[in-house]
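User: I have a model open at the bench and would like to talk through a few of its details. Could you help me read it?

Analyst: Happy to, just show me what you have.

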Amino acid sequence: MTVSGLKHTLFRSCDAIVTCDDARTIYRNSDLLVSGNRVEKIARDIPGDVLPEGTDIIDASGHFIYPGLINTHHHFFQCFVRNNAELDWTKLTVIEWLDRIYPVFCRLDEECFYHSSVVAMGELIKHGCTTAFDHQYNFPRHAGKNIVDRQFEAASLLGMRFHAGRGGNTLPKSQGSTIPDEMRESTDEFISDCARLIDTYHDSDPFSMRQVAIAPCQPVNSYRETFVESIALARDKGVLLHSHVGEGESEVIKQRTGMRTVDWCEDIGFVGEDVWLAHCWELTSEEISKLAQTKTGVSHCPEPVYLVGAEVTPIPEMEAMGVRISLGADGAASNDNSNLMHCIHSAYMLQALVASSRAHPVPDPQRFLHYATRGGADVLRRPDLGVLGVGMAADLFAIDTRKIEFVGTLHDPESLIAKVGIADNVDLTMINGQVVWRDGEFPGIDEMQLAAQAQHHVNRVVYSES
Ligand SMILES: [Zn+2]
């Protein structure tokens, strides 16, 4: 700290600073100065005598620095059902999978939601993610209504910039939903808790660490009025809207309403700059064009596409039409990890797999980094995030490239993550000017203790051990 109260950090002699700005600037052999929660200066050889008193100097020689990654779709609580042989997507139909997993989801209690959020955000931070959106749609009646409140608590423990999606489901099974009664809420219950969370936590100022989005889980599992009231509340409060669309439900929605899902969303007004939709893998060209025209954003989650064996999301076509694209890890029940860094690589590989059958070329590898940085910032309406530049938020991660796995890759830092992949944890993650992960540790936090506490709740609730 200095007399002004601001903390200053200088990353000295960075081998590369990848900015993801409009010009795709990459600074080589440069310094990056952080003051408070924003980037103050990027230049070569910033003299020591102009640095504010008390500046923390980090030797970043040999390191590549990137803007922090922004995850636009996840279900943190699903970390508790990872690597479960009875929930193997490759051996189950969707209905069989749902029948097996929802009874487990219904058993989760408030402590499970807290600890699974710590686990998911901890893993995200280790892999360079600095802003996390979570779509929390599971509110078992016995677990109470403090679940998102506890997620904000988990985010502040780790220093994560957190956007909470208050999800929910209102339609009973007797009317065609897949949701057990224990997880179902009324529209009034759902809307009033959204309003409470927005009033309590939502901060729309620049550099905000806490935001709330209204996120009814998916059109097949809620009444139309739930979506209509969500739209009214979101636009009244100035918050964003989110849901799952185009993940295999379009024909069901068509039978129910006479319209495929995107048309149904447009019909009720669930499109626009303040809306982004997860998945979108089964969309027609007309539907993609509609998303582009309405400026509706997309969270592309590549890893469930592999697991579920779904149609490969038409990212090249979306890119060609100008759709706002971001990346999401998705819940660990259809991914098994919380690693957005890995998703940059898997998203690129997924498109390469089907390139020869597509009319549009696969976007260049660096585009996939941009989806996970400035693409996420755009979708979450955060002009203060996603780019490393003066005045932008000090959200970044650093990779020490002086290792065997990077030999031969260093001439193109912008494409490195998509083409090569980063298998290890990053060496440092900074969020809002604070170092939250460095050299294998969360500063001031006992990781083994946190992991043991979370595992205790997995054993207690998921595997029903005492
Ligand atoms: Zn999802």
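User: Thanks! Let's begin with histidine 279: is it buried or exposed?

Analyst: Good place to start, and do keep in mind that this is a predicted model. Histidine 279 has 27 C-beta neighbours inside 10 Å. The cut-off for burial is 20 or more, so histidine 279 counts as buried.

User: In which strand is histidine 279, and what is its phi?

Analyst: Histidine 279 belongs to strand S11, which covers residues 275–279. Its phi is positive although the residue is not a glycine. The value for histidine 279 is near 85°.

User: Asparagine 83 also caught my eye. Where does it lie, and is it buried or exposed?

Analyst: Asparagine 83 sits in the loop between strand S6 (69–71) and helix H1 (94–107). Like histidine 279, it is a residue other than glycine with a positive phi, here near 55°. It has 9 C-beta neighbours inside 10 Å. The limit for this class is 12 or fewer, so asparagine 83 counts as exposed.

User: Now to the strands at the start of the chain. Which residue in S2 is the bridge partner of threonine 9?

Analyst: Strand S1 (residues 8–18) and strand S2 (residues 26–35) pair in the antiparallel sense, over eight bridges. Within that pairing, the S2 partner of threonine 9 is valine 34.

User: And which residue in S3 stands opposite valine 34?

Analyst: S2 also pairs with strand S3 (residues 38–43), in the antiparallel sense and over five bridges. One of the bridges joins serine 35 to arginine 38 in S3. Opposite valine 34 stands valine 39.

User: What is the phi of glycine 36, in the turn between S2 and S3?

Analyst: S2 and S3 form a hairpin, and two residues lie between them. Glycine 36 is in that turn, and its phi is positive, at about 65°.

User: Let's move to the helices. How are H4 and H5 oriented to each other?

Analyst: Helix H4 spans residues 187–201 and helix H5 residues 224–237, and their axes are 10 Å apart. The angle at which they pack is about 20°. Angles under 35 degrees fall in one class, so H4 and H5 are roughly parallel.

User: Which residues of H5 does H4 meet?

Analyst: The crossing of H4 and H5 is right-handed. From H4 come Thr187, Phe190, Ile191, Cys194, Ala195 and Ile198. By class, the whole contact has six nonpolar, two polar and three charged residues. On the H5 side, the residues met are Glu225, Thr226, Glu229, Leu233 and Lys237.

User: How do H2 and H14 lie to each other?

Analyst: The axes of helix H2 (residues 110–126) and helix H14 (residues 447–462) come within 9 Å and cross at roughly 135°. H2 passes H14 in a left-handed crossing. The contact involves residues of H2, including Cys112 and Val119, and of H14, among them Leu450 and His457. With that crossing angle, H2 and H14 are therefore oblique.

User: One last residue: is arginine 166 buried or exposed?

Analyst: Arginine 166 lies in strand S8 (residues 161–168). Leaving aside neighbours within four places in sequence, its contacts include Gln136, Val148, Asp193 and Cys194. It has 28 C-beta neighbours inside 10 Å, so arginine 166 counts as buried.

Definitions and conventions:
Residues numbered from 1 in each chain as written. Predicted model: local features only at pLDDT ≥ 70, side-chain atom pairs only at ≥ 80, totals over all residues. Axes fitted to C-alpha atoms, helices over the stretch in contact; angles between N-to-C directions. Helix = DSSP H or I, 4+ residues; strand = E, 2+ residues; numbered from the N terminus. Parallel < 35°, antiparallel > 145°, perpendicular 65-115°, else oblique. Left-handed = near helix turned anticlockwise from the far one by under 90°. Contact = placed C-beta atoms within 7 Å. Nonpolar A, V, L, I, M, F, W, Y, C, P; charged D, E, K, R; others polar. Pairing = 2+ DSSP bridges.
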